[in-house]
Amino acid sequence: MIKFLDLQKINNRFRREIDSRIGAILDKGFYILGDEVATFEQNFARFCGVKHCIGCANGLDALNLIIKAYGFGKGDEIIVPANTYIASILAISENGCIPVLVEPNFTTYNIDPDLIEEKITERTKAIMVVHLYGQAVPMEKIWDLAKKHNLKIIEDAAQAHGAYYQGRRTGNLGDAAGFSFYPGKNLGCLGDGGAVTTNDDELASKIRAIANYGSDRKYHHIYKGINSRLDEIQAAILDVKLPHLDADNERRRQIAEYYRENIKNPEIILPKIYDEKSHVWHIFAVRTKNRDALKQYLEQNEIQTNIHYPTPPHKQGAYEEWNDMSFPISEEIHWMELSLPMSPVMTDEEVGRVKDVINTYK
């Protein structure tokens, strides 16, 4: 069986060093907001090219903390792609803000910059860009719109650790960015974890306090905060894996290039990119009109796949008030998308096998 993502094999490469770091934490007996978190925050900030990294409990909290720290609330609008994982939208509505959905570009799956300005009103406070599947959003028009309308840019970089746009990493393309370190991410821990990156000193200080019960020092609470902290063990695991992230992403690019050059089935629509370094291939998403049949065919041939995502956010029960809305591009993507196996530990033989089976599908 070719696994969609072999997490055991991915993490076993670092088993000895992870065991050593966890052992040191157990010896110290200090588990929350200690040296391991501080070290990883410094290293990840340096990796992203930003001044600040604040660890938190998960990627949803990272976005929630950014919105909360900016003080956005009831009646404020935040523009967000219609084609995204629901967490992007949940963070907006959780703060009482109004998510304003914008269709994606059909070729990149990311928000279409040409469709944003028509959705901006006097209530708009921010544009949330989602670097979906690992490809950085083209930012020029969005930077111009943010400047023109005095808007913040929030990056949902949960799937794009290490991707570049015009020489800058994701996490350093807006005013603040939220990352997830869920185990299946390109940089994943062994549980839940997340982080915010920013160059804004004041925002970083406020987020750090809000994430720790609103406290700037022990038993002194200056905000109505939450409890969202990256723990020492997960931080240590991430710090072990971080130096290998660029090499892992490069292996993903090699696999993606092979798929894109050698999958020749006319029933399959392959993903397109505008710049090689802009994509870190968290997901290799293809489209086909007979998605379920292709998925079943691959499973019969012992190849695991996944779907990202079967139901768009505006058709979910959580947003019942949107169910009658129509976003045809997003809906077609969700109806046709299938994710092929993609990980840095796939062998050339496994990649070739995936290609061969797909090319025989009719």
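How much space lies in the largest pocket? In this predicted model, the volume of the largest pocket comes to about 600 Å³. Its lining is made up of 28 residues, and Y85, Q159, Y182, K185 and Y309 are the closest to the pocket centre. Two helices, α4 (59-70) and α5 (87-94), each supply at least two residues of this lining. The largest share comes from α4, which gives three residues. Sorted by class, the lining of the largest pocket holds 13 nonpolar, 11 polar and four charged residues.

The second largest pocket holds about 200 Å³ of space. It is lined by 16 residues, and those nearest its centre are L33, E41, I54, R208 and N212. Four elements give two or more residues each to the lining of the second largest pocket: α3 (35-48), β1 (52-56), α7 (201-210) and β10 (215-217). Sorted by class, the lining of this second pocket has six nonpolar, six polar and four charged residues.

Apart from the pockets, two strands were examined. Strand β12 spans residues 284-287 and is covered on both faces. On one side of β12, F284 and V286 are buried, and on the other side A285 and R287 are buried as well. The strand β12 runs antiparallel to strand β13 (residues 337-340), and four bridges join the two. One of the residues of β12 with a bridge partner in β13 is F284, which is paired with L340. F284 is thus described by two results: a buried position on one side of β12 and a bridge to L340 in β13.

The other strand is β5, which covers residues 152-156 and includes K152. K152 has a relative accessibility of 30% and therefore counts as partly exposed. This class applies because the value falls between the cut-offs of 20%, under which a residue is buried, and 50%, over which a residue is exposed. When residues up to four places away in sequence are not counted, K152 touches Y70, F72, K125, A126, I127 and D175. N186 was also compared with K152: the two residues are 34 residues apart in sequence, and their C-alpha atoms are 26 Å apart in space.

Note on methods
Residues are numbered from 1 along each chain as its sequence is written. This is a predicted model: local features need pLDDT of at least 70, side-chain atom pairs count only at pLDDT 80 or more; totals for chains, interfaces and linings use all residues. Side-chain values use heavy atoms; hydrogens and water are left out. Buried means under 20% relative accessible area, exposed over 50%, partly exposed in between (1.4 Å probe, protein chains only). Contact means heavy atoms within 4.5 Å. On a 1 Å grid over the protein atoms alone, a cavity is a set of points where a 1.4 Å probe fits but cannot get out, and a pocket is an open set with protein on both sides within 12 Å along at least five of seven lines; lining residues have an atom within 4 Å of a point. Grid points are joined across faces, edges and corners, and a volume is the space filled by probe spheres set on the points. Ala, Val, Leu, Ile, Met, Phe, Trp, Tyr, Cys and Pro count as nonpolar, Asp, Glu, Lys and Arg as charged, and the others, Gly among them, as polar. Two strands pair if DSSP finds at least two bridges between them.
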